[in-house]
Amino acid sequence: MPGMKLALEKLELIASRREKVKAKNLHELMRLHEAFDLLELCRMHLDACLQRRESGRGMYKLADYPDLDPALDKGLVVRLENGRYTLKKAPSRRIRPMPL
């Protein structure tokens with residue numbers, strides 16, 4: 001997954017310039033906050049994808065993990081710990097689709 005690692009590096013570069021960005025007015029300030037929130041969401045998504053150890057639930061197929069892992073049928077929780085996002089199994093409740 002070299003493409004995802006490269007994307008993560010590029011996002012880190014953008015994030016490193018956060019303190020140098022200025023807004024001329026409140027509207028621009030709001031848009032900057034939105035942009036940096038989206039940046040953080042992208043970093044979280046990429047970090048979670050890099051930690052995947054199965055294929056079939058998302059859009060990526062991993063050659064070294066081609067099958068579904070039944071242990072991951074429960075939901076996953078993504079947490080920021082020590083500056084890095086981690087994946088953990090959700091507590092005992094099973095995720096069920098909402099009735100229509």
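Here are a few friendly questions and answers about this predicted model.

Me: In what order do the helices and strands come along the sequence?
Reply: Let's start with the parts list: the chain has 2 helices and 2 strands. Reading along the sequence, the pattern is α-α-β-β.

Me: What share of the residues counts as buried?
Reply: A residue counts as buried when its relative accessible area is under 20%. The chain has 100 residues, and the share of them that meets this cut-off is 22%.

Me: Which element gives the most residues to the largest nonpolar core?
Reply: This core has 9 residues, namely M4, L8, L11, A15, F36, L39, L46, C49 and L50. Two elements, α1 (2-16) and α2 (26-50), each give two or more residues to this core. With 5 residues, the top contributor is α2.

Me: Which residues does L50 touch, leaving aside those up to four places away in sequence?
Reply: L50 is one of the residues of the largest nonpolar core, and so are M4 and L8. Beyond four places in sequence, L50 touches M1, M4, K5 and L8.

Me: Is T86 buried or exposed?
Reply: T86 sits in strand β2, which covers residues 84-89. Its relative accessibility is 18%, and the cut-off for this class is under 20%. T86 therefore counts as buried.

Me: With which side chain does the side chain of T86 make a polar contact?
Reply: Leaving out residues up to four places away in sequence, T86 touches Q51, V77, V78, R79 and E81. The polar contact between side chains, at 3.4 Å, joins T86 to E81.

Terms used
Residues are numbered from 1 along each chain as its sequence is written. This is a predicted model: local features need pLDDT of at least 70, side-chain atom pairs count only at pLDDT 80 or more; totals for chains, interfaces and linings use all residues. Side-chain values use heavy atoms; hydrogens and water are left out. Helices (H or I, at least four residues) and strands (E, at least two) are DSSP runs, numbered from the N terminus. Buried means under 20% relative accessible area, exposed over 50%, partly exposed in between (1.4 Å probe, protein chains only). A polar contact is a pair of N or O atoms within 3.5 Å; within protein, one must be able to donate a hydrogen and the other to accept it, and residues adjacent in sequence count only if both atoms are side-chain atoms. Contact means heavy atoms within 4.5 Å. A nonpolar core is a set of buried Ala, Val, Leu, Ile, Met, Phe, Trp, Tyr and Cys residues joined through side-chain atoms within 4.5 Å.
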